[in-house]
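Trainee: I would like a close look at one part of this model, followed by an account of the surrounding architecture. Please keep to what the coordinates support.

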Amino acid sequence: GRFSSPWKVSIINNTVDTSNLDASQWAVGIAVATYSEGEIITASIEDNQIIGGVADDTGIDIGIAYYHCPGYVIFAVKNNHLENLDYGMYIEGSVGSGSTIMHNTIQNNAYGIYLCNDANATNVTIHYNNIMGNSDYGVYNDGAGDLDAEYNWWGDATGPYHSSNPCATGDAVSDYVIYTPW
């Protein structure tokens, strides 16, 4: 790359409020992506609050495959509050091994956490979060491999709804999400 790698980025204690945007607008609260071949970014995203509105919006976007990011982002997302968004978190192709999502409140979004089809799900763990009130899915894995989402609160003691847990009333999870124990 143009600069020495790995980069270390900390995004801490910010408030992003997109509730004043109208439905014709698009917004991302926090985005982290690589732009050079072989580049590695280690990102710590902590103690942020991202509140959405009627705009097409995403709270935290990792990877941004639209730009065909050639490197890797290894991230630790913790203690954030993501609410009223289309996507609380949107994770794309350039996810490095050891990435974690822990101790967040991810609520009242369409999708709490969405892993895209070009992301390696085995590189991410999702533990000890409050994932609730998300209308489509609490966690959706369209990536490669199983996604470890154990030890989360899904909005109800019965756990997340899935065809393998049909009596549950918590947020839904897609196939290829390991959700037990919760």
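Where is P181 found in relation to the strands?

Mentor: P181 is found in the segment after strand 19, which spans residues 177-178. The model is a predicted one, and every value below is computed from it. The bond that joins T180 and P181 is a cis peptide bond, with omega at about -5°. Most peptide bonds are trans, and most residues other than glycine have a negative phi.

The second half of that generalisation also has exceptions here. N13 has a positive phi of about 60° although it is not a glycine. This residue is found in the loop between strand 1 (7-12) and strand 2. N13 counts as exposed because its relative accessibility is 61%, and the exposed class begins over 50%. Y128 likewise is not a glycine and has a positive phi of about 60°. Its place is the loop between strand 13 (124-127) and strand 14. With a relative accessibility of 43%, Y128 counts as partly exposed.

The loops of N13 and Y128 lead to the sheet that holds strands 2 and 14. This is an open sheet of 5 strands in the order 2-5-8-11-14, with parallel pairing. Strand 2 (15-17) and strand 14 (130-132) each have a single partner strand, so one side of each is left without a neighbour in the sheet. On average, and with direction ignored, neighbouring strands of this sheet are turned by 5° against each other. Strands of a sheet pair through backbone hydrogen bonds, either parallel or antiparallel.

At the edge formed by strand 2, 3 bridges join this strand to strand 5 (residues 49-51), and the two run parallel. D17 lies in strand 2 and stands opposite I51 in strand 5. D17 is partly exposed, because its relative accessible area is 45%. The side chain of D17 makes a polar contact with the side chain of S19 at 2.5 Å. Between D17 and G63, which are 46 residues apart along the chain, the C-alpha separation is 22 Å.

A second open sheet also consists of 5 strands with parallel pairing, in the order 3-6-9-12-15. Its edge strands are strand 3 (26-32) and strand 15 (137-141), each of which pairs on one side only. Neighbouring strands in this sheet are turned by 15° against each other on average, direction ignored. Strand 12 (residues 111-115) runs parallel to strand 15 and is joined to it by 4 bridges. Strand 9 (residues 87-91) pairs with strand 12 in the parallel sense, over 4 bridges. The register can be followed residue by residue: Y87 stands opposite Y111 in strand 12, and the bridge partner of Y111 in strand 15 is Y137. Further along, I113 has V139 as its bridge partner in strand 15. Strand 12 is mostly covered, with 5 of its 5 residues buried.

Two aspartates deserve attention for a different reason, namely their charge environment. D148 has its place in strand 16 (residues 147-148). D148 is buried yet has no salt bridge, and the nearest side chain of opposite charge, K78, is 17 Å away; a salt bridge would require the relevant atoms to be within 4 Å. Polar partners are nevertheless present. The side chain of D148 makes a polar contact with the side chain of H127 at 2.9 Å, and it reaches the backbone nitrogen of E150 at 3.2 Å. Leaving aside neighbours within four places in sequence, D148 is in contact with V124, T125, I126, H127 and I178. Among these contacts, I178 belongs to strand 19 (177-178), after which the segment of P181 follows.

D171 is found in strand 18 (residues 170-172). This residue is likewise buried and without a salt bridge, the nearest side chain of opposite charge being K78 at 23 Å. Its side chain reaches the backbone nitrogen of G133 at 2.9 Å and makes a polar contact with the side chain of N134 at 2.7 Å. With neighbours within four places in sequence left aside, the contacts of D171 include I131, M132, W154 and Y161.

Note on methods:
Residues are numbered from 1 along each chain as its sequence is written. This is a predicted model: local features need pLDDT of at least 70, side-chain atom pairs count only at pLDDT 80 or more; totals for chains, interfaces and linings use all residues. Side-chain values use heavy atoms; hydrogens and water are left out. Buried means under 20% relative accessible area, exposed over 50%, partly exposed in between (1.4 Å probe, protein chains only). Lys and Arg count as positive and Asp and Glu as negative; His and the chain ends are not counted. A polar contact is a pair of N or O atoms within 3.5 Å; within protein, one must be able to donate a hydrogen and the other to accept it, and residues adjacent in sequence count only if both atoms are side-chain atoms. Contact means heavy atoms within 4.5 Å. Two strands pair if DSSP finds at least two bridges between them. Axes are lines fitted to C-alpha atoms, for helices over the stretch in contact, and angles run from 0 to 180 degrees between N-to-C directions.
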